[in-house]
Amino acid sequence: NDRSFSRSILRLIHGNVFLGDLEKAYITTKNKKYFSCIEEILFDYFNYLEKVPTNDKTVYHDETIALRLSYWLRIYLSCGKLFSQEIQIRFSALIFDHAELLYSEKIYAGVNNHGFFQDLALVNFHYIFQEYKNSKKI
């Protein structure tokens, strides 16, 4: 139940910040248990996102989306090819969906700390997905 946590904790949870520690553990040790944990958490979170309305102010908070995209991009680069095909397809689609959300004027926070996180996530997205750099959509 989300109501038992503070807004700050919920933003960290929904920003998937904890995945950074698991990714670092996997990269450092190459122990598959860390990768399996990442895959399982992402699979469950993707299922969760399908049920959450896009007007949810915690899950779809401007800074939270940016944090989540940033951690997802980090995982995509370091171990994305190890995921099952199903996870790879869903992961790529959600990465692009999140980039589109951040790019929209509806979500963009402007010139402040939240906008900075959004800008950083979008710069990283465009760096990783070069072919979309000049896309009119994103």
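Let me start with Glu23, which is found in helix H2, the run covering residues 19–29, and let me say straight away that what we are looking at is a predicted model. Is Glu23 buried or exposed? With a relative accessibility of 7%, Glu23 falls under the 20% cut-off and therefore counts as buried. If we leave aside its neighbours within four places in sequence, the residues in contact with Glu23 are Ile38, Arg74, Ile75 and Ser78.

Glu23 belongs to a set of buried residues in H2, the others being Leu19, Gly20, Leu22, Ala25 and Tyr26. As for what covers these buried residues of H2, the cover includes helix H3, residues 32–51, and helix H4. Just after H2 the backbone has a feature you may want to look at on the screen, namely that Lys30 takes a positive phi of about 60°.

From Glu23 we can step across to Ile75, one of its contacts. Again leaving aside neighbours within four places in sequence, Ile75 is in contact with Leu19 and Glu23, with Ile38 and Leu42, and with Gly80, Phe83 and Phe91.

That brings me to the core. Which residues of the largest nonpolar core touch the most other members? This core has 33 residues, and those with the most such contacts are Leu42, Trp72, Ile75, Phe83, Phe91, Ile95 and Leu102. At least two residues of the core come from each of H2, H3, H4, H5 and helix H6, the last of these spanning 113–128. As general background, nonpolar side chains in soluble globular proteins tend to be buried together.

Next, the pairing of H4 with H5. Helix H4, residues 62–79, and helix H5, residues 85–103, pack at an angle of about 145°, and their axes are 10 Å apart, while the crossing of H4 past H5 is left-handed. On the H4 side the contact includes Ile65, Leu69, Trp72, Ile75 and Tyr76, and on the H5 side the residues met include Phe91, Leu94, Ile95, His98 and Leu102. Taken by class, the residues of this contact divide into 13 nonpolar, two polar and two charged.

Finally, a residue of H5 for contrast: Gln85 lies in this helix, and because its relative accessible area is 61%, which is over the 50% cut-off, Gln85 is exposed. How far is the C-alpha atom of Gln85 from that of Leu102? The two residues are 17 apart along the chain, and the separation of their C-alpha atoms is 26 Å.

Note on methods. Residues numbered from 1 in each chain as written. Predicted model: local features only at pLDDT ≥ 70, side-chain atom pairs only at ≥ 80, totals over all residues. Heavy atoms only, no water. Axes fitted to C-alpha atoms, helices over the stretch in contact; angles between N-to-C directions. Helix = DSSP H or I, 4+ residues; strand = E, 2+ residues; numbered from the N terminus. Left-handed = near helix turned anticlockwise from the far one by under 90°. Contact = heavy atoms within 4.5 Å. Nonpolar A, V, L, I, M, F, W, Y, C, P; charged D, E, K, R; others polar. Buried < 20%, exposed > 50% of the residue type's maximum accessible area, 1.4 Å probe, protein only. Core = buried A, V, L, I, M, F, W, Y, C linked by side-chain atoms within 4.5 Å.
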